[in-house]
Amino acid sequence: MLSLNISYYCDRASSVSFKKVTDAVLVKSDGNPLYATFLAKELLNSNDINTDQDFDDWVNVKPRLNGNVTSYYQYLLSNEDDGTLLIANILGLIDFGITIEELKQALPLLSSFVDSSIKYLSPILTDVTGQGGVRIYHESFRRFVVENQPNTVHIRHILQPITEWLVKIGFFKSAKSYRFLLVLLRRQKDSQKVIELVTTEFVSKSLEFGHPEIAIEKNLEIAIEVASKLNNWAALTMLAELKRSLHTCFEEKLNNQLSYWETFTKVFGAELTAERLLFDGQATLPTRLGLAVCTLIDEAEHVAPWRE
C-alpha cells in the first residue's frame, strides 16, 4: 500500500522518480522494513520535496540504522520542543488510541501544539479505527521511551495528565477509562489508587454500566496483582470474593442477558448501548446476543453497529 502511495506521490506531487525514491529508501534503511516504512510515511507527509535536490537533501540527513531503529527515534526527537517530546513520550507509554481532541482535553496548556506535534510524529504513528485517534506504530518505540526515562518518577509525571483525564471522563462511564486507567496507574506504581478504585461494589457497578465480563475480570486481575505486591491481605480477600461473584453472575445468574440489555437501553439510552457493543473495533458480545441488542438499538431509532 505504501509503495502505491509513493508511486502516486511521485506522479502527482513531485518530479522525483519512483525508482530514485525506492532505491534511496532501500539503501538508507539497510533493508529494514520498519525503518523503510517510517521513511516512506515521512516522505508522504512532506510538502516541500519537489525536486531531485530537495529529495537528496531530505534523505541525506536521515540516520543510518546500524542495526538499531532507535537511531531514527533519537533523530526524530533530537531537535523538537518540550511539548512535542511530552506528547511523544505519552503516546509511547499508553496502550490505547487517543484522538487529537482528547489530547487537547488532557493537555490544555499544550492544546495549541497538539496538531503540529501529531503531524510531525506521524511517521511513527498509526490510525486506530476502532478506538479512534492515533497510537504508536511499533512496540520498539515504547521500549525506546521507557528505556530513556531515568526512573519511575519520570514515568509517573509523563502519564499524570492522562490518568487525571481518564478519571475526569468517568472510570465506569467511559469504556476507555474503564479499560486503561488501572493499567496506567499500575505503570505509574500508584498501587493505592488501584485499590481505592476496586471496592466491594466494583462488580455490581461494572455491570450497572454495561462492561463485559472480560474487561471486569482484567481489572480484577490488575488489582489482585497490585494487592499481592503490597501484601494487602484484606484487599486480596475482598478481591477473591469479587472474582467469585463475577463468575456467579455470568455463569449462573445472568441467564437472560437480553433482558439486561433492554433495561440498560431504557436507563442509559441507545447511544451508550451501541458504544458498549464494540471496543477497539471488536464486538464485546456473542454474535447472537449482539444481533438481538442491535435490534433493540434500531427500535430505539439509533444507528446500530450491524456490520461489526
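This passage describes how helix H11 packs against two other helices in a predicted model, and then turns to two residues of a loop that leads towards one of them.

Helix H11, which spans residues 175–187, and helix H14, which spans residues 213–230, have axes that come within 9 Å and cross at roughly 15°. Because angles under 35 degrees count as roughly parallel, H11 is described as roughly parallel to H14. The crossing in which H11 passes H14 is left-handed. On the side of H11, the contact is formed by Tyr178, Arg179, Leu182, Val183 and Arg186, and these meet Ala215, Ile216, Lys218, Asn219, Ile222, Glu225 and Val226 of H14. Sorted by class, the residues in this contact of H11 with H14 comprise seven nonpolar, one polar and four charged.

The pairing of H11 with helix H10, which covers residues 152–168, also brings the two axes within 9 Å, and here they cross at roughly 160°. Since an angle over 145 degrees counts as roughly antiparallel, H10 is roughly antiparallel to H11. The crossing of H10 and H11 is left-handed. From H10, the residues that take part are Thr152, Ile155, Leu159, Ile162, Thr163, Trp165, Leu166 and Val167, while H11 contributes Lys176, Ser177, Phe180, Leu181, Leu184, Leu185 and Arg187. By class, the contact of H10 with H11 holds 10 nonpolar, three polar and two charged residues.

Attention now passes to the loop. Histidine 211 is found in the loop between helix H13, residues 202–208, and H14. With a relative accessibility of 5%, histidine 211 counts as buried, because the term applies under 20%. The side chain of histidine 211 reaches the backbone oxygen of phenylalanine 172 at a distance of 2.6 Å. When neighbours within four places in sequence are left aside, histidine 211 is in contact with Phe172, Ser174, Ala175, Tyr178, Ser206, Ile216, Phe250 and Arg276. Among these contacts of histidine 211, Tyr178 of H11 and Ile216 of H14 are also listed in the contact between those two helices.

Proline 212 likewise lies in the loop between H13 and H14, and proline 212 is buried, with a relative accessible area of 12%. Apart from neighbours within four places in sequence, proline 212 is in contact with Arg179 and Thr284, and Arg179 is one of the H11 residues that meet H14. Proline 212 and leucine 285 are 73 residues apart in sequence, whereas in space their C-alpha atoms are 7.6 Å apart.

Definitions and conventions
Residues numbered from 1 in each chain as written. Predicted model: local features only at pLDDT ≥ 70, side-chain atom pairs only at ≥ 80, totals over all residues. Heavy atoms only, no water. Axes fitted to C-alpha atoms, helices over the stretch in contact; angles between N-to-C directions. Helix = DSSP H or I, 4+ residues; strand = E, 2+ residues; numbered from the N terminus. Parallel < 35°, antiparallel > 145°, perpendicular 65-115°, else oblique. Left-handed = near helix turned anticlockwise from the far one by under 90°. Contact = heavy atoms within 4.5 Å. Nonpolar A, V, L, I, M, F, W, Y, C, P; charged D, E, K, R; others polar. Buried < 20%, exposed > 50% of the residue type's maximum accessible area, 1.4 Å probe, protein only. Polar contact = N/O pair within 3.5 Å; in protein donor to acceptor, adjacent residues only side chain to side chain.
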